[in-house]
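Q: I have a structure before me and should like to learn how to read its features. May we go through them in turn?

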Amino acid sequence: MSATPARLDRRAVVARLLQDRGDAIVVTGLGSPTYDVAACGDHDRNVYLWGAMGGCAVMALGIALARPDTPIIAVTGDGEMLMGLGSFATIAVQAPKNLTVVVLDNSLYGETGGQASHSVVTDIAAVAAATGIQDARAIAEIGDVEALASRATSLGNGPCVAVVKIDQAERERVLPTRDGHAIRVRVRQALGLSID
């Protein structure tokens, strides 16, 4: 009987992903993905979502369509992505070349008490591929995060979905602002847009 492979440290994955982010806009999902991105340092191009479970990937899609020359990275969790699986079909149809959806998969619903998520039986990368997303990958090695970081911070041939197998350890919560209006204004200013 083979041993279960070790899972990656979520903070190390996100830190590597965003190390050389350039002009990328990062949209974060509910809970731990937001804390992980904030732990890398607050940034004017971070869009933190609060109370929008299931909405991270489609919010990132909207921004990707509005800013086709800017890399857009959605960082979400398996629980949230499982709630919004239909968004993969919409992403596949729209086929933005600048969108990368990173699913941090610890197989838990972390924000509601740590119950096992459906990713213990549902292959999220396979679901994304089945909807027509050509670049749908599962990542279990830190070396593969290097290639993902390069893809996420550039324009590709279409959308990318990467499901990263992370460990279940709790990390310190790094809480960014919860003021949605302030986040909107800050991102618009960073993009050189009016704040009206």
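Q: Which residue lies over the face of Trp50?
A: In this predicted model, Arg178 is placed over the face of Trp50, 4.2 Å from the ring centre.

Q: How many aromatic pairs does the count give?
A: In general, two aromatic rings are described as a pair by how far apart their centres lie and by the angle between their planes. Here the rule, which requires centres within 6.5 Å, yields 0 aromatic pairs.

Q: How should I read the pockets, and what is the volume of the second largest pocket?
A: Empty space is revealed by rolling a probe the size of a water molecule over the atoms. The volume of the second largest pocket is about 310 Å³. Its lining consists of 15 residues, and those nearest the centre are Val47, Ile63, Arg184, Val187 and Arg188.

Q: Which elements supply the lining of the second largest pocket?
A: At least two residues each come from strand E2 (46-48), H3 and helix H8 (180-190). H8 provides the largest share, 5 residues.

Q: Which residues touch the most other members of the largest nonpolar core?
A: Within this core of 52 residues, they are Leu17, Ile73, Val101 and Val164. Helix H3 (residues 56-66) contributes the most to the core, namely 6 residues.

Q: What is Val101 in contact with, beyond its neighbours within four places in sequence?
A: The contacts of Val101 are Ala57, Ala74, Thr76, Met81, Ile91, Cys160, Val161 and Ala162.

Q: What is the secondary structure of the protein chain?
A: The protein chain has 8 helices and 8 strands, and 47% of its 196 residues count as buried.

Methods. Residues numbered from 1 in each chain as written. Predicted model: local features only at pLDDT ≥ 70, side-chain atom pairs only at ≥ 80, totals over all residues. Heavy atoms only, no water. Core = buried A, V, L, I, M, F, W, Y, C linked by side-chain atoms within 4.5 Å. Buried < 20%, exposed > 50% of the residue type's maximum accessible area, 1.4 Å probe, protein only. Helix = DSSP H or I, 4+ residues; strand = E, 2+ residues; numbered from the N terminus. Contact = heavy atoms within 4.5 Å. Phe/Tyr/Trp six-rings, centres within 6.5 Å; stacked < 30°, edge-to-face > 60°. Lys NZ or Arg CZ within 6 Å of the ring centre and 35° of its normal. 1 Å grid on protein atoms, 1.4 Å probe; cavity = no way out; pocket = protein on both sides within 12 Å on 5 of 7 lines; lining within 4 Å. Points joined across faces, edges and corners; volume = space filled by probe spheres on them.
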